[in-house]
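Let's take a walk through this protein together, one spot at a time. Keep the 3D view open and turn it as you read.

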Amino acid sequence: MRHFAAKPTEEERPRIVTVGMGTLGRMVVRQVRRTLRNAECILLEGREEIVHGFPTLGQKVRGADCVLIVVDPRDGEALNTANWIALKMIVERALVVILTRDPAEPAEGGMLSGDFPRAGELACSCIVVSPLSINPLSEDVLSMFGEEMLAAYLVRHVIEILVRWTTEHSIPCIDFADIKAVLGGGGMMRLGIGMSTNGDAGGAVQKAVGSLARQGVDFSPCRVRLGCLAGSTNLKMDDFDEVCKVAHEFLDDEASPIVGILTNGALGRTVKASLFVV
């Protein structure tokens with residue numbers, strides 16, 4: 001059983017900074033500023049601003065414990081710049097994570113072509129979101145919001161989990177050391193989200209696993225790196241145990257999920273499970 005801990009004090013909270021570049025970064029930064037209190041965000045409009053404004057940018061992130069860089073993979077130059085930031089600007093002790101989306105089509109200089117480093121060559125971890133990250137996803141939702149807005153929502157969802165885990169009381173307790181240990185190893189991760197409207201935590205995590213399968217995740221060598229169960233204050237430790245049980249059923253025998261519960265009274269009977277796998 002994982003440990004329990006009180007809500008971290010202001011001095012104990014890690015400093016998390018979100019850096020947005022391009023259209024996706026702009027959309028995410030706007031959502032984060034609107035929905036997450038006291039979330040630090042920096043919006044960079046172009047490579048020239050990054051390169052020539054390097055000292056200023058360095059001052060803004062100096063002392064950060066975690067830097068989340070939001071970038072669109074169709075912008076190959078921005079992707080390479082994100083990796084450059086991770087290599088050149090972040091102190092060794094900081095956690096750096098690139099948050100991006102699946103490209104709708106290959107683009108010059110993007111992840112599917114050009115010179116963007118392969119996942120294993122990145123100076124940091126990379127979390128990729130996709131319309132398939134949500135299961136089930138109604139076609140009406142996709143047509144109503146569009147892929148761009150949906151991608152921005154999913155990236156903001158990841159940021160919210162990381163921020164809330166480090167600023168609120170989580171049961172069992174997830175602290176920044178856990179997150180850094182998981183995300184600090186580099187490589188590319190996929191997000192799966194499943195929802196249940198009748199309080200079924202096991203059903204929610206099964207749908208999250210299903211969304212990962214639709215993204216082509218090979219479960220045989222796969223390990224759950226992080227898992228989050230979100231629901232109302234009615235969530236119980238039995239729900240947590242069910243999430244771990246389902247995760248172990250679908251994943252490699254060596255899987256060692258770090259799972260935390262976040263509560264939100266507004267969710268009512270809705271339970272949302274989020275899995276990050278590599």
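Start with Glu40, which counts as partly exposed, with a relative accessibility of 33%. Keep in mind as you look around that this is a predicted model. Glu40 has a partner: its side chain meets that of Arg15 in a salt bridge, with 2.8 Å from N to O. Why might two such side chains team up? Side chains of opposite charge can pair when their charged atoms come close. Arg15 counts as partly exposed too, at 23% relative accessibility.

Now check where the two partners sit. Arg15 is in the segment before β1, while Glu40 belongs to strand β2 (residues 40–44), so their salt bridge ties together parts that are 25 residues apart in sequence.

Stay in this area and find Thr18, which is part of strand β1. Is Thr18 buried or exposed? With a relative accessibility of 2%, Thr18 counts as buried, because buried means under 20%. And what does Thr18 touch, once you leave aside its neighbours within four places in sequence? Its contacts are Glu40, Cys41, Ile42, Leu68, Val70 and Ile159. Notice that Glu40, the salt-bridge partner of Arg15, turns up among the contacts of Thr18 as well.

Next, move along to Arg101. Its salt bridge with Glu148 has the closest N and O atoms 3.2 Å apart. Glu148 is in helix α5 and Arg101 in strand β4 (residues 95–101), so this pair ties together parts that are 47 residues apart in sequence. The two partners get different labels: Arg101 counts as buried at 4% relative accessibility, whereas Glu148 is partly exposed at 27%. There's also a third member here, since Arg101, Glu147 and Glu148 are linked in a network of salt bridges.

Right after Arg101 in the numbering comes Asp102, and Asp102 has a salt bridge of its own. Its side chain meets that of Arg190, at 2.9 Å from N to O. Arg190 lies in strand β7 (residues 187–196) and Asp102 in the loop between β4 and β5, so the pair ties together parts that are 88 residues apart in sequence. Asp102 counts as partly exposed, at 24% relative accessibility. How many salt bridges does the structure have in total? The count comes to 5.

Arg101 and Asp102 also lead us to a hollow spot. The structure holds 1 cavity of 30 Å³ or more, and its volume is about 50 Å³. Both of these residues help to line it, together with Val129, Ser130, Pro131, Glu147, Leu150, Ala151 and Leu154. Which helix gives the most to this lining? That's α5 (residues 139–167), with 4 residues. Sorted by class, the lining has 5 nonpolar, 1 polar and 3 charged residues.

Finish with helix α6 (residues 176–183). Its buried residues are Phe176, Asp178, Ile179, Val182 and Leu183. They cover an arc of only 155° around the axis, which puts them on the same side of α6. The spacing of a helix helps you see how that works: an α-helix has 3.6 residues a turn, so residues three or four places apart point the same way. What about the other side of α6? There you'll find Ala177 and Ala181, which are exposed.

Technical notes:
Residues numbered from 1 in each chain as written. Predicted model: local features only at pLDDT ≥ 70, side-chain atom pairs only at ≥ 80, totals over all residues. Heavy atoms only, no water. 1 Å grid on protein atoms, 1.4 Å probe; cavity = no way out; pocket = protein on both sides within 12 Å on 5 of 7 lines; lining within 4 Å. Points joined across faces, edges and corners; volume = space filled by probe spheres on them. Helix = DSSP H or I, 4+ residues; strand = E, 2+ residues; numbered from the N terminus. Nonpolar A, V, L, I, M, F, W, Y, C, P; charged D, E, K, R; others polar. Salt bridge = Lys/Arg side-chain N within 4 Å of Asp/Glu carboxyl O. Buried < 20%, exposed > 50% of the residue type's maximum accessible area, 1.4 Å probe, protein only. Contact = heavy atoms within 4.5 Å. Arc of directions from axis to C-beta.
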